[in-house]
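Hello,

Here is the structure I promised to pass on to you. Have a look at it first, and then read on for what turned up in it.

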Amino acid sequence: MHPTIATYGLGAAPTHAQTHELKIWPACFSAVDAGTKPFDVRENDRDFRVGDVLVLREYEPESEQYSGRSLTRWVSYIMHGGSFGVEAGWCVLGLSERPPLPAGIHDTKLW
């Protein structure tokens, strides 16, 4: 396994999850909302971790205003920069529509 890739599954819920409110441009917002963009590339200036909550707020760059629409996603995977063409200091975040399962729970029928 490559040392810069976190391979935590959704069942590996951390206890230190944070909530990050992030701007997202309209085209990306629509793609995340539709499920065709289950990832995001970000500067890793917030120490993102698997299980963190992302509140993605649609932002209009031309008017420099928020649209009022938002999505909530959870970080399910992190590929840290420095390899695979991702610049050091940046990361690719895998996005999940559902929060991670609690530790020890592997089947949603039990939750």
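Let me begin with the charged residues: Lys 37, Asp 40 and Arg 42 are linked in a network of salt bridges. Please keep in mind throughout that this is a predicted model, so every value below is computed from it.

Within that network, the side chains of Arg 42 and Asp 40 form a salt bridge, with N and O 2.7 Å apart. The two side chains are also joined by a polar contact of 2.7 Å. Are these two residues buried or exposed? Both Arg 42 and Asp 40 are buried. For Arg 42 the relative accessible area is 16%, and buried means under 20%, so the arginine falls within that class. Arg 42 belongs to strand 3, which covers residues 39-43. Its side chain has a backbone partner too: one of its polar atoms lies 2.7 Å from the backbone oxygen of Lys 23.

The search of the whole structure gives 5 salt bridges. One of them is between the side chains of Arg 57 and Glu 21, at 2.9 Å from N to O. Arg 57 is in strand 4 and Glu 21 is in strand 2, so this pair ties together parts that lie 36 residues apart in sequence. Arg 57 is partly exposed, at 26% relative accessible area, and Glu 21 is also classed as partly exposed, at 48%.

Another salt bridge is formed by Arg 49 and Asp 47, whose closest N and O atoms are 2.7 Å apart. Here Arg 49 is partly exposed at 36% relative accessibility, and Asp 47 is partly exposed at 44%.

Now to the strands. In which sense do strand 2 and strand 4 pair? Strand 2 (residues 19-24) and strand 4 (residues 53-60) run parallel, and their pairing has 6 bridges. You can find the register from Thr 19, which stands opposite Val 53 in strand 4. So the salt bridge of Arg 57 and Glu 21 joins residues of strand 4 and strand 2, two strands that are themselves paired.

Strand 4 has a further partner in strand 5 (residues 65-80), this time in the antiparallel sense and over 7 bridges. Arg 57 appears again here, with Ser 70 in strand 5 as its bridge partner. The hairpin of strand 4 and strand 5 has 4 residues between the strands, and in it Glu 64 takes a positive phi near 55 degrees.

On the surface, Phe 39, Val 41 and Trp 90 make a nonpolar patch of about 260 Å². Trp 90 is located in strand 6, residues 90-96. With a relative accessible area of 34%, Trp 90 is partly exposed.

Finally, the cysteines. How many disulfides are there? The count is 0. Cys 28 is partly exposed, with 30% relative accessible area, whereas Cys 91 is buried, at 0% relative accessibility.

If you would like a place to start when you open the model, I suggest Arg 42, with its salt bridge to Asp 40 and its contact to the backbone oxygen of Lys 23. After that, you could turn to Arg 57, with its salt bridge to Glu 21 and its bridge partner Ser 70 in strand 5.

Best wishes

Technical notes: Residues are numbered from 1 along each chain as its sequence is written. This is a predicted model: local features need pLDDT of at least 70, side-chain atom pairs count only at pLDDT 80 or more; totals for chains, interfaces and linings use all residues. Side-chain values use heavy atoms; hydrogens and water are left out. Patches are made of residues with over 30% relative accessible area and no salt bridge: like charges are joined within 9 Å, nonpolar side chains (Val, Leu, Ile, Met, Phe, Trp, Tyr) within 5 Å. Accessible areas come from the Shrake-Rupley method with a 1.4 Å probe; for residues, only the protein chains shown count as cover. A salt bridge is a side-chain nitrogen of Lys or Arg within 4 Å of a carboxyl oxygen of Asp or Glu. Buried means under 20% relative accessible area, exposed over 50%, partly exposed in between (1.4 Å probe, protein chains only). Two strands pair if DSSP finds at least two bridges between them. A disulfide is a pair of cysteine sulfur atoms within 2.5 Å. A polar contact is a pair of N or O atoms within 3.5 Å; within protein, one must be able to donate a hydrogen and the other to accept it, and residues adjacent in sequence count only if both atoms are side-chain atoms.
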